[in-house]
Amino acid sequence: MTPYNAVVRRQSRWAFLIVLVIASGSFSAAADYVVQRDVMVPMRDGVRLATDVYRPAVGDQPLDEALPVILSRLPYNKAGSKSMGAYYATHGYVFVAQDTRGRYNSEGVWHMLTDDGPDGVDCAAWIGQQPWSNGKIGMIGTSYFGGTQHAMAIAGAPELTTVIPVDAMANMGRQSIRNAGAFELRFWNWIFLNAGRGSRAGKNPATAEVLREMADQRFAYLENLPTRRGMTPLRLSPEYEDWLISAMEHGPNDEFWAQNNIVDAPEKYKDIPVYLVSGWYDSWGGNNTATFMALNSAIKGPVYMIMGPWIHGKQTGHAHGQVNFGKDAAISDQWAWRKEWYDHWMKGIDNSVGKADPFKTPVRIFVMGTGDGSKDEQGRLQHGGFWRNELEWPLARTEYTEFYLQSGGGLSTTMPKIEQATTQYDFDPKNPVPNIGGNLSSSDDIMLQGAWNQKGGPHLWNFKDPIPLSARADVLVFQSEPLEQDVEVTGEIEVRLFASSSAIDTDFTAKLIDVYPPSADWPGGFDLNIGDGIVRARFRESLTKEVMMTPGETYEFTIKLYPTSNVFKKGHRIRVDISSSNFPRFDVNPNTGEPLNRHRTTKVATQTIYHDASRPSRIVLPVIPASPSDE
């Protein structure tokens, strides 16, 4: 082992060892722990990765016992893992935090996840050789370092025993970094923020200052997209510039996006217990359900999944944006529920896994929308909801119901009978529809996450006037009559849109909205975003191949929205908004058909949406029939 650069002792009120014997095994819990910082662990190519080791201790002496290990491999500075490390080190585990390659104290050059399979295998092998390890590793982490869990499972590290990927990076060419061909600008934002902090370039103070200034000017850079290679200070951090520009130029879901592509190759995933965690308003929510379905058919697992009403990484919260889902929506103790899973699979403890919430059944979902719709003390909409256990996803009892776009802006289950009906609008790339909430992460400052009334105001940098999105001429609104009874929508959602354009390439977007009627607390009503999606026309036939359109020719487009579980209450309306942009959630299509991210001009496109008998545009909603007790 490389000599420790530092040994840090942490002590609570009790400086003694507690040994507990439970059921089929024993584990040790210590009131003290010690930290071994910046152990430089060599990888197969000689690059050394900075690693902190938290061990249970008696006083200032580490416990002399081989224990299971909780591993976190992250790009966000392992020094921030203190509370996580302290918890697990005092609850019978060794905790290991490692800066990923090229980040913070680790050597090497950063690449987006592609090194994390082999590096994870090498890290696990090193852990397995240590006297404080019993050879079993469970992984922990959210977002990027949820993705490092998937990478290590795909690489098949022998020591890997279980994973809990939370809001994890996966299926990146499908509905995350590339979303049906469009680029999610949250990753543009991530690069602009991280190219100068924790990076190789950021180690030079003068360079770091230039990159910090660049990050501070992100709004100006957004107004001057596309970002071009070598033309911004991003060139000072070449691996970050190279990845971003390459990603923005590369649309097809092929080998470029192969890392963590679980949907297309689930058989590569190690057969271990997996607990997938995400939220209806998280940027990775659609990938979480897709990963669950893929792994469920490929490995024995078992594979569990929980979906809450959360935004990215906020499982301990119960409100976001302008909406309150009720205190029961939160998982209050962020470490204890994970420990329950680790205890079962790594220590053989007979506990709540498979028996009680949140592990009673393979699927646990939060059904949103059963609140009273009033304002809480912070002025948020009380949308409410409740937890429900399920056996599968999608739910076997789903009744897929088509709601058709109607002439005059209606939305109903009645197929249009009129022979020809269209609605047109102009899409100007220089005036894109502003993004208001939704399935986001890494949106710092440039976007709002989560649940919001679809109305402008001072909280939006690019839509400050207090007018609803529905007032825009380039937003087509189709909504139902007030519902005569509650309608639960739980599952995967698609819009099947018949459309043509004057352009050879363009985008079409769709958004599902729960329309609250006017009330005493909300005299103007509340247009609550539930989920959204996009399709880039050149990828309408396949995510792997670009095919331009013929101007004026009609095509059927499939727009995949994010999954959800929401009760549209009696008196509410179900609404679908159709447009061609959602900025800066997605990059804006210039309508020119030029290579991705290489355009210098834009064109206004005239878009035609068809909603008649032969071209019935519709949204397919997964309606869950009411149980007798609900009626």
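This section describes strands, sheets, cavities and selected residues of the structure. The model is a predicted one, and residue numbers count from 1 along the chain as its sequence is written.

Strands of a sheet pair through backbone hydrogen bonds, in either a parallel or an antiparallel arrangement. One open sheet contains 4 strands, arranged in the order β23-β28-β25-β26 with antiparallel pairing. The edge positions are taken by β23 (476-479) and β26 (526-536); each has a single partner strand, so one side of each is left without a neighbour in the sheet. On average, and with direction ignored, neighbouring strands of this sheet are turned by 20° against each other. At the β23 edge, the antiparallel pairing with strand β28 (residues 573-579) extends over 4 bridges. Within this pairing, Leu-476 has Ile-578 of β28 as its bridge partner.

Strands of this sheet also contribute to an internal space. The search of the whole structure yielded 3 cavities of 30 Å³ or more, and the largest cavity holds about 100 Å³ of space. At least two residues of the lining of this largest cavity come from each of β25 (507-516), β26 and β28. Among these contributions, that of β25 is the greatest, with 3 residues. The lining of the largest cavity consists of Val-433, Leu-469, Val-475, Thr-509, Ala-510, Lys-511, Asp-532, Gly-533, Asp-577, Ser-579, Ser-581 and Asn-582. Sorted by class, the lining residues of the largest cavity comprise 4 nonpolar, 5 polar and 3 charged residues.

A further set of pairings is centred on strand β20 (residues 399-405). With strand β30 (residues 618-624), β20 pairs in the antiparallel sense over 6 bridges, and here Glu-402 stands opposite Val-620 of β30. Strand β20 is also joined to strand β21 (residues 411-412) by 2 bridges, and these two strands run antiparallel. In this second pairing, Leu-405 is found opposite Leu-411 of β21. Strands β20 and β21 form a hairpin with 5 residues between the strands, in which Gly-408 adopts a positive phi near 85°.

Parallel pairing is found around strand β9 (residues 133-142). This strand is mostly covered, with 7 of its 10 residues buried. Strand β7 (residues 67-74) runs parallel to β9 and is joined to β9 by 4 bridges; in this pairing, the bridge partner of Leu-67 is Ser-133 of β9. Strand β10 (residues 160-166) likewise runs parallel to β9, the two being joined by 6 bridges. Opposite Gly-141 stands Pro-165 in β10.

Another open sheet is formed by 3 strands in the order β15-β16-β18, with mixed pairing. Strands β15 and β18 occupy the edges of this sheet, and because each has a single partner strand, one side of each is left without a neighbour in the sheet. The pairing between β15 and strand β16 (residues 323-324) is antiparallel and covers 2 bridges. In this pairing, His-320 has Val-323 of β16 as its bridge partner.

Two loops that lead to strands of this sheet contain residues of note. The loop between β14 (303-308) and β15 (319-320) contains His-312. With a relative accessibility of 16%, His-312 counts as buried, because the cut-off for this class is under 20%. The side chain of His-312 is joined to that of Ser-143 by a polar contact of 2.9 Å. In the loop between β17 (363-368) and β18 (381-382) lies Gly-369. This glycine is also buried, with a relative accessible area of 1%. Gly-369 and Pro-432 are 63 residues apart along the chain, and their C-alpha atoms are separated by 30 Å.

Lys-82 provides an example from a helix, being located in helix α1 (residues 82-89). At a relative accessibility of 44%, Lys-82 counts as partly exposed, since this class lies between the limits of 20% and 50%. Lys-82 and Asp-52 are separated by 30 residues in sequence and by 9.8 Å in space, C-alpha to C-alpha.

Key: Predicted model: local features only at pLDDT ≥ 70, side-chain atom pairs only at ≥ 80, totals over all residues. Heavy atoms only, no water. Pairing = 2+ DSSP bridges. Axes fitted to C-alpha atoms, helices over the stretch in contact; angles between N-to-C directions. 1 Å grid on protein atoms, 1.4 Å probe; cavity = no way out; pocket = protein on both sides within 12 Å on 5 of 7 lines; lining within 4 Å. Points joined across faces, edges and corners; volume = space filled by probe spheres on them. Nonpolar A, V, L, I, M, F, W, Y, C, P; charged D, E, K, R; others polar. Buried < 20%, exposed > 50% of the residue type's maximum accessible area, 1.4 Å probe, protein only. Polar contact = N/O pair within 3.5 Å; in protein donor to acceptor, adjacent residues only side chain to side chain.
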